[in-house]
Amino acid sequence: MQARLGLIGVVAALAGCASSTMPGTVGVTRSQFMIVPASEVDALALSGFSNQNQKARAAGKLVNSGAEYDRLERIAKRLQAQVPVFRADTKDWKWELALIDAPVLNATCAPGGKITFYTGLVRKLKLTDDEIAMVMGHEIAHALREHGRERMSEAKATGTVTTLAKVLAPDKALTVDLANKASYFLFSLPNSREHESEADTIGLELGARAGYDPRAAVLVWEKMAAASSGAGKAEFLSTHPSNETRIASLTAMQPRVAPLYAAANKK
Ligand SMILES: [Zn+2]
């Protein structure tokens with residue numbers, strides 16, 4: 001038993017069971033199980049992001065300029081200035097923003113700081129700057145916490161993705177198939193309640209520090225839920241399940257982030 005516990009300890013140490021972020025004011029400290037190297041996940045994220053943008057560009061749907069793009073970029077820059085509170089290494093991240101003109105209610109942030117927004121989310125929900133910042137902060141928080149890498153690590157440990165290393169192999173067909181599998185973990189698999197709660201908490205602090213009203217986080221989830229109750233479908237909700245617990249926690253966290261918002265530069 002002693003030996004077995006020792007072995008588990010060694011495996012845990014090798015796997016790097018540590019928190020990917022610093023706690024911030026909100027205090028997220030959960031240890032994470034990471035056996036897939038960050039370099040592999042980042043390479044997959046980058047290729048997924050480029051593929052997405054190439055397709056959008058070919059269809060004439062990739063927006064690189066204009067008032068809508070500038071607005072999102074301004075918000076992204078203010079949030080990015082606050083991320084070192086959670087991770088010092090983000091100074092090496094090559095942040096990018098992709099705005100895709102499609103009637104899709106979705107937004108993502110892939111590992112390494114690759115942010116995607118769809119015009120449908122901003123237009124259909126008539127998002128304010130504060131609300132955009134809360135959604136973007138939430139997505140950035142998933143990337144800071146490396147939730148995709150954590151889920152890929154869990155999948156690798158249970159044998160779901162046994163040959164992940166081959167994703168980057170020269171064999172094209174094999175590469176594509178495995179990349180599809182891996183991108184499922186990064187982009188399509190619904191987040192766990194625990195990951196969602198961490199992203200909400202850290203996103204709220206990022207937004208508040210960047211001078212965006214954290215109360216908007218509650219409003220945006222209410223808008224999202226209302227939009228999906230009708231005929232419309234919110235892609236965002238398939239990966240970010242909304243529920244009363246989430247809205248209640250976001251409301252309960254307000255007193256902790258309100259002083260950060262009060263002290264923040266609002267422009
Ligand atoms: Zn989320």
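Helices here are DSSP runs of H or I with at least four residues, and strands are DSSP runs of E with at least two, both numbered from the N terminus. On that basis the protein chain of this predicted model holds twelve helices and four strands.

**The whole chain.** Begin with everything displayed and coloured by accessibility: of the 267 residues of the protein chain, 48% count as buried. If you then draw the contacts between residues with a separation of 6 or more, 74% of them join residues that are 24 or more positions apart.

**Strands S1, S2 and S4.** Select residues 96-100, which form strand S2, and note that this strand is mostly covered, with four of its five residues buried. Adding residues 62-63 brings in strand S1, which runs antiparallel to S2 and is joined to it by two bridges; one place to look is Val63, whose bridge partner in S2 is Leu99. Next add residues 114-118, strand S4, which pairs with S2 in the parallel sense over five bridges. Within this pairing, Glu96 has Lys114 of S4 as its bridge partner.

**Helices H5 and H8.** Move on to residues 129-144 (helix H5) and residues 193-209 (helix H8), whose axes come within 7 Å and cross at roughly 120°. The two helices, H5 and H8, are therefore oblique to each other, and their crossing is right-handed. To see the contact itself, show the side chains that H5 contributes, among them Met134, His138, Ile140, Ala141, His142 and Leu144, together with those from H8, including His195, Glu196, Ala199, Ile202, Leu206 and Ala208. Glycines take part from both helices, with Gly137 in H5 and Gly203 and Gly207 in H8.

**His195 and helix H6.** Stay on helix H8 and centre the view on His195, which lies in this helix. Is His195 buried or exposed? His195 is buried, with a relative accessible area of 4%. Select what surrounds this residue: leaving aside its neighbours within four places in sequence, His195 is in contact with Arg30, His142, His147, Glu150 and Arg151. A distance drawn between the C-alpha atoms of His195 and Arg151 should read 9.9 Å, although these residues stand 44 residues apart along the chain.

Now extend the selection to residues 147-157, helix H6, where eight of the eleven residues are buried, so the helix is largely enclosed by the rest of the structure. The buried residues of H6 are His147, Gly148, Arg149, Glu150, Arg151, Met152, Ser153 and Ala155, and His147, Glu150 and Arg151 were also among the contacts of His195.

**Helices H8 and H12.** Keep H8 on screen and add residues 254-263, helix H12; the axes of H8 and H12 come within 8 Å and cross at roughly 25°. These two helices, H8 and H12, are therefore roughly parallel to each other, and the crossing is again a right-handed one. At this contact, Leu204, Glu205, Ala208 and Arg209 of H8 meet Gln254, Val257, Leu260 and Tyr261 of H12. Both Leu204 and Ala208 also belong to the contact that H8 makes with H5.

**Helix H11.** Finish with residues 244-252, helix H11, and look along its axis. Which residues of H11 are buried? They are Arg246, Ile247 and Leu250, and they cover an arc of only 95° around the axis, which puts them on the same side of H11. An α-helix has 3.6 residues a turn, so residues three or four places apart point the same way. Turn the helix over, and the face of H11 directed away from its buried side carries the exposed residues Glu244 and Ala252.

Key
Residues numbered from 1 in each chain as written. Predicted model: local features only at pLDDT ≥ 70, side-chain atom pairs only at ≥ 80, totals over all residues. Heavy atoms only, no water. Buried < 20%, exposed > 50% of the residue type's maximum accessible area, 1.4 Å probe, protein only. Arc of directions from axis to C-beta. Pairing = 2+ DSSP bridges. Axes fitted to C-alpha atoms, helices over the stretch in contact; angles between N-to-C directions. Parallel < 35°, antiparallel > 145°, perpendicular 65-115°, else oblique. Left-handed = near helix turned anticlockwise from the far one by under 90°. Contact = heavy atoms within 4.5 Å.
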